[in-house]
Amino acid sequence: VTEIFLMAYLLSTKCDFQFSEQFRNRLSLMVTNLDRFSGADGLVDNFGDNDDGRILKLFWRKGRDYRDIVDLGMSLLPGTRTNPTMTTPERACFRLSTPKVSEAAGTHLDPVHLAESGICQMRSRDFTLNFYANPVGTAGLGNHKHNDLLSFTLAHRGTPVFVDPGSFEYTVDEDVRNQYRSTSNHNTVMVDNCEQNRMVRGLLFLLRS
């Protein structure tokens with residue numbers, strides 16, 4: 001979604017159309033969050049389902065590698081990179097300027113609480129901790145939500161220690177799909193073998209809150 005809006009904004013810089021300041025500010029926050037939740041390997045942490053759809057892939061990248069979007073976004077929009085990653089060849093293709101890197105990058109950063117999504121992050125020089133307390137989402141449908149309330153991921157000096165396994169597959173095997181989105185598959189508490197949100201057989205894109 002960030003890429004969709006970013007490409008529209010990039011095209012607007014080449015013509016007479018201008019997006020509003022509100023649009024630019026919101027897009028800048030989207031790019032900043034992609035940057036914030038990208039690990040040292042350039043991959044965004046798993047949480048919930050993975051949709052690897054992309055608009056434009058100039059170079060081969062793994063499904064959760066959005067460094068090119070961050071690089072383009074930071075070059076086009078006001079904002080400061082908090083997770084210093086290498087310059088991408090995609091930015092050079094668009095002939096964009098080099099984004100500014102925060103002096104605090106890679107050292108201590110203030111904790112971040114994204115209230116609407118229920119995601120928190122704490123980062124120091126050596127550790128990155130992400131904590132999830134997000135609702136089922138999509139107006140209660142929970143189509144891409146996993147049972148990961150109070151779950152966390154932890155990396156030490158760029159090496160993952162506690163991970164979220166993500167979604168292995170969607171529709172080929174219902175049992176495997178449900179296993180990967182189950183409470184027991186995440187770094188959280190499970191009480192009396194009960195799922196945090198109820199799964200319904202045959203409905204692979206639904207969680208009952």
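The expected span of a helix is 1.5 Å times one less than its number of residues. Keep that rule at hand for the first stop, and bear in mind throughout that this is a predicted model.

**Stop 1: helix α2**

Select residues 21-36, which form helix α2. With 16 residues at 1.5 Å a residue, α2 should span 22 Å. Put a distance label between its end C-alpha atoms and you will find them 22 Å apart, which agrees. Now colour the buried positions of α2: Phe23, Leu27, Ser28, Val31, Thr32, Leu34, Asp35 and Arg36.

**Stop 2: α2 against α3**

Keep α2 on screen and add helix α3, residues 67-76. Two packed helices are described by the angle between their axes and the distance between the axes. For α2 and α3, the axes come within 9 Å and cross at roughly 135°, so the two helices are oblique to each other. The crossing of α2 past α3 is left-handed. Show side chains for Val31, Thr32, Leu34 and Asp35 on α2, then for Ile69, Val70, Gly73 and Met74 on α3; these residues make the contact. By class they comprise 5 nonpolar, 2 polar and 1 charged. On the α2 side, Val31, Thr32, Leu34 and Asp35 are among the buried residues you coloured at the previous stop.

**Stop 3: α1 against α3**

Next, bring in helix α1, residues 2-12. Its axis and that of α3 come within 11 Å, crossing at roughly 40°, which means α1 is oblique to α3. Here too the crossing is left-handed. From α1, the contact takes in Thr2, Glu3, Leu6, Met7, Tyr9 and Leu10, and from α3 it takes in Ile69, Leu72, Gly73 and Leu76. This contact has 7 nonpolar, 2 polar and 1 charged residues.

Which residues of α1 are buried? Select Thr2, Glu3, Leu6, Met7, Tyr9, Leu10 and Ser12 to see them. With α2 and α3 both displayed, you can follow how the buried residues of α1 pack against these two helices.

**Stop 4: Asp68**

Finally, centre the view on Asp68 in helix α3. Is Asp68 buried or exposed? Its relative accessibility is 4%, so Asp68 counts as buried, the cut-off being under 20%. Show what surrounds it: beyond its neighbours within four places in sequence, Asp68 is in contact with Arg54, Leu56, Arg61, Thr88 and Glu90. To tie this stop back to α1, draw a line from the C-alpha atom of Asp68 to that of Glu3. The two residues lie 65 residues apart along the chain, and their C-alpha atoms are separated by 9.6 Å.

Terms used:
Residues numbered from 1 in each chain as written. Predicted model: local features only at pLDDT ≥ 70, side-chain atom pairs only at ≥ 80, totals over all residues. Heavy atoms only, no water. Axes fitted to C-alpha atoms, helices over the stretch in contact; angles between N-to-C directions. Helix = DSSP H or I, 4+ residues; strand = E, 2+ residues; numbered from the N terminus. Parallel < 35°, antiparallel > 145°, perpendicular 65-115°, else oblique. Left-handed = near helix turned anticlockwise from the far one by under 90°. Contact = heavy atoms within 4.5 Å. Nonpolar A, V, L, I, M, F, W, Y, C, P; charged D, E, K, R; others polar. Buried < 20%, exposed > 50% of the residue type's maximum accessible area, 1.4 Å probe, protein only.
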